[in-house]
Amino acid sequence: MSTSERNIIIDGLLSLQRSTCIRFVWRNRGDHDYLNFFSGTGCWSYLGRQGGPQDVSLRSNGCLYRSTVQHEVLHALGFHHEQVRSDRDQYVQILTQNILPGTERNFVKANTNNLGTPYDFNSVMHYSRLAFSRNGQPTIVAKSNPNLSFGNAREMSANDIARVNRLYRC
């Protein structure tokens with residue numbers, strides 16, 4: 001990983017620190033639990049604390065943006081994608097006929113604790129309306145406005161920040 005790539009990751013972590021009570025420290029030799037950033041296949045992280053080294057894949061070509069670092073670290077902190085929230089059916093329609101076969105798991109509704117925050121189309125955790133489309137047609141449509149553009153957040157939203165602070169009681 002180059003210095004500039006490492007700096008993008010550090011910038012993403014610092015942006016989380018500036019707006020939440022989450023603090024990141026450099027790993028020490030005896031540390032058992034830590035985030036392990038690497039350039040893997042795509043952009044991904046496991047959901048919630050796994051115990052031991054927790055892989056966060058940020059492919060050098062395509063994943064190194066502040067918003068992507070925030071997104072993947074929020075997964076590591078325990079947050080789901082916005083479009084799988086337990087109350088999502090009030091706000092969006094999932095068009096399963098347009099979903100690329102094999103990627104359906106990205107749209108399965110989860111039993112989430114929404115921490116008293118509203119559904120957020122501006123969340124850094126929201127996929128775009130064409131995410132995993134098999135045919136160029138929308139996979140997610142806002143019920144309030146079928147033409148609404150979303151899933152292009154460059155920063156965590158106020159709701160993303162509120163959720164972190166509520167979950168971690170700060």
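This report walks through the overall build of one chain and then visits a single residue, Gln70. Please keep in mind that the model is predicted.

**The whole chain**

Let's start with the fold. Three helices and five strands make up the secondary structure, and they follow one another along the sequence as α-β-β-β-α-β-β-α. The radius of gyration is 16 Å, which agrees with the value near 15 Å that a compact globule of 170 residues would have. Along the principal axes, the C-alpha atoms fill a box of roughly 50 × 35 × 25 Å.

Of the 170 residues, 45% are buried. Among contacts with a separation of 6 or more, 66% are between residues 24 or more positions apart. On the outside, the chain exposes about 9,500 Å², and carbon and sulfur atoms supply 48% of that area. As for charge, there are 19 positive and 13 negative side chains, and the centres of the two sets lie 1 Å apart.

**A closer look at Gln70**

Gln70 sits in helix α2, which covers residues 66-76. Its relative accessible area is 1%, so Gln70 counts as buried, the cut-off being under 20%. What does the side chain of Gln70 make polar contacts with? The table shows two partners, each joined through its own side chain.

| Side chain | Partner side chain | Polar contact |
|---|---|---|
| Gln70 | Ser15 | 2.7 Å |
| Gln70 | Glu155 | 3.4 Å |

Leaving aside residues up to four places away in sequence, Gln70 touches Ser15 and Glu155 along with Gly12, Leu16, Val124, Arg154 and Met156.

Technical notes:
Residues numbered from 1 in each chain as written. Predicted model: local features only at pLDDT ≥ 70, side-chain atom pairs only at ≥ 80, totals over all residues. Heavy atoms only, no water. Helix = DSSP H or I, 4+ residues; strand = E, 2+ residues; numbered from the N terminus. Rg over C-alpha atoms; globule rule 2.2 N^0.38 Å. Buried < 20%, exposed > 50% of the residue type's maximum accessible area, 1.4 Å probe, protein only. Contact = heavy atoms within 4.5 Å. Areas by Shrake-Rupley, 256 points an atom, 1.4 Å probe, with all protein chains shown as cover. Lys, Arg positive; Asp, Glu negative; His and termini not counted. Charge placed at Lys NZ, Arg CZ, Asp CG, Glu CD. Polar contact = N/O pair within 3.5 Å; in protein donor to acceptor, adjacent residues only side chain to side chain.
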